[in-house]
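Me: I'd like a close look at one part of this model, with the cut-offs spelled out. Could you walk me through it?

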Amino acid sequence: MTRPARSPFRPADVAATRRPVDEARQLPARAFLDPAVFAWEQEAWFARDWLCVGRASDLAEPGRYILAEVAGERLILVRDRAGALGAFHNVCRHRGATLLEAATGRLPRIQCPYHAWTYGLDGRLSRAPHTERLRDFDLADAGLVPVRCATWQGFIFVSLDPAGPPLTEALADLPAHLAHLDLAGLRRVRSLDYDVAADWKAVAQNYSECLHCPGVHPQLNRITPYDVGANFVSHGSWAGGYMCLAGGFETLAVDGLRHGRPPLRGWSAADAGRAYYLVVWPNLFLSVLPDYAMIHQVWPRAAGQSLVHCEWLFPPEAVARADFDPAGVIDFWDLTNRQDWHVCELVQEGMSSRAYVPGRYTLMEDMVHAFDLMLADRYAADGVTTRFAPRRDRWAPARSRARRG
Ligand code: FES
Ligand SMILES: [Fe+2]
């Protein structure tokens with residue numbers, strides 16, 4: 001794979017961000033505004049790094065497939081007859097036609113709609129009419145172009161870089177934090193897409209702090225006060241921590257109650273009263289709540305434009321209950337999401353002002369800084385990974401009304 005063009009930032013451009021959080025400055029506004037930065041990120045990050053594109057449960061049986069698009073590449077993810085998960089470019093090896101158009105389905109084989117070249121579910125070319133007498137042509141050399149794919153906790157990740165590190169290396173110690181939970185068994189009950197007029201990085205930064213919660217999300221802040229929780233020391237390309245439910249609340253929902261819904265499988269005494277919020281580089285936000293999980297995937301559309309895909313996942317035993325009703329959860333987060341997108345758009349708008357110069361981080365924004373360090377180190381491309389340590393002095397003492405696990 002060719003190396004991406006030179007980074008649009010020199011190490012000096014992001015040096016102020018790579019300082020300790022109490023000295024650091026935010027990233028140059030150009031990172032959020034410049035189409036050249038967007039194009040470089042697509043090539044250097046989204047066309048290389050591991051990206052979550054779906055759930056293995058969507059590919060439960062052989063022949064079941066979903067389509068995905070990363071960095072402008074259209075992909076097929078499919079379960080083959082042997083039960084293995086595969087990912088391929090959605091491009092015919094004959095004259096390049098897109099093979100599959102429906103976003104999801106189940107097929108016995110993959111057949112090109114143009115001249116009927118036919119591929120097995122494992123990508124092998126099995127039939128190519130009128131090629132039998134060609135010289136130097138072997139069906140075995142003309143299978144679908146594979147893409148690396150791997151799963152973790154039921155999430156399917158792909159990487160367009162055939163020579164990059166494995167997913168396990170990218171996730172590093174994140175799986176250990178959630179190993180006691182069975183997220184793979186969760187069922188999607190709802191998904192929503194949002195067009196947001198803000199750069200994907202501004203959306204990630206917003207997810208990484210709750211300093212805005214008292215003003216922007218009074219409903220959320222009532223259930224998990226913005227200054228009660230802790231952040232993890234992370235190794236690898238992720239950052240996150242947890243917040244604590246105030247007394248009398250059981251989960252994140254309109255009324256803060258579970259209404260008899262069981263906790264996640266494996267939810268332990270140490271997890272009690274917590275809500276985990278994790279950013280998995282670059283664009284997956286994983287929220288693990290007492291009785292369900294929620295994901296946000298932020299897909300950059302252009303500099304300053306994003307599509308946010310949000311899903312809610314519940315344990316099958318909760319979904320099976322006659323009284324199962326996730327509306328209180330969905331409505332709560334749909335409101336919270338819209339509140340978030342509004343402030344993200346305000347930030348995007350303000351950063352385009354001639355008056356804007358990158359501001360300072362407050363000590364309630366150390367996880368924003370953690371995310372920005374992932375960006376800054378990659379922009380600098382000097383081989384240096386800036387050490388990050390979450391602040392331990394920023395949190396209010398646990399309040400009597402807050403339960404801690
Ligand atoms: S382009 Fe696919 S068979 Fe011709
Ligand atoms: Fe928010």
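Which helices and strands each supply at least two residues of the lining of the largest pocket?

Reply: Happy to. The model is predicted, so to speak: local features need pLDDT of at least 70, side-chain atom pairs count only at pLDDT 80 or more, and totals for chains, interfaces and linings use all residues. Residues are numbered from 1 along each chain as its sequence is written, chains are lettered from A and ligands numbered from 1 in the order written, and side-chain values use heavy atoms, without hydrogens or water.

The elements you ask for are α3 (35-46), β10 (155-159), α4 (167-171), β13 (238-244) and α11. Helices (H or I, at least four residues) and strands (E, at least two) are DSSP runs numbered from the N terminus. Helix α11 gives the most to this lining, with five residues.

The largest pocket has a volume of about 1200 Å³. Its lining counts 44 residues, and Ser237, Met374, Asp377, Arg378 and Thr385 are the closest to the pocket centre. A pocket here is an open set of points on a 1 Å grid over the protein atoms alone, where a 1.4 Å probe fits and protein lies on both sides within 12 Å along at least five of seven lines; lining residues have an atom within 4 Å of a point. By character the lining splits into 23 nonpolar, 10 polar and 11 charged residues. Domain 1 (11-30 + 171-380) and domain 2 (51-160) each contribute at least three residues to it; the bounds come from an automatic or database assignment.

The second largest pocket makes a useful companion, with a volume of about 740 Å³. Among its 31 lining residues, Val53, Leu67, Ala68, Glu69 and Trp299 are the closest to its centre. Both domains give residues to this lining, so the second largest pocket lies between them. Its suppliers of at least two residues include α3, β1 (51-55), β2 (64-70) and β16 (293-302). Here the residues divide into 15 nonpolar, eight polar and eight charged.

Back to α11, which also matters for the core. The largest nonpolar core has 80 residues, and Trp45, Leu77, Val203, Leu252, Trp312, Trp333 and Tyr379 have the most contacts inside it. Helix α11 (residues 366-380) provides nine residues of this core, the largest share. Domain 1 and domain 2 each supply at least three. A second, separate core of 29 residues includes Leu174, Tyr276, Val280 and Ile295. Such a core joins buried Ala, Val, Leu, Ile, Met, Phe, Trp, Tyr and Cys through side-chain atoms within 4.5 Å, where buried means under 20% relative accessible area with a 1.4 Å probe, protein chains only.

Aromatic contacts tie α11 to another helix. Rings of Phe, Tyr and Trp (its six-membered ring) pair if their centres lie within 6.5 Å, with planes under 30 degrees apart called stacked, over 60 edge-to-face and the rest tilted. That rule yields 23 aromatic pairs. Trp200 and Phe371 form an edge-to-face pair, 6.2 Å centre to centre with 90° between the planes. Trp200 sits in helix α6 (residues 200-207) and Phe371 in α11, 171 residues apart. Both Trp200 and Phe371 are buried, and they belong to one aromatic cluster with Phe9, Trp40, Trp45, Phe46, Trp281 and Tyr379. As for α6, eight of its eight residues are buried, so α6 is largely enclosed by the rest of the structure; Lys201, Gln205 and Asn206 are among those buried residues.

Methods
Buried < 20%, exposed > 50% of the residue type's maximum accessible area, 1.4 Å probe, protein only. Points joined across faces, edges and corners; volume = space filled by probe spheres on them. Nonpolar A, V, L, I, M, F, W, Y, C, P; charged D, E, K, R; others polar.
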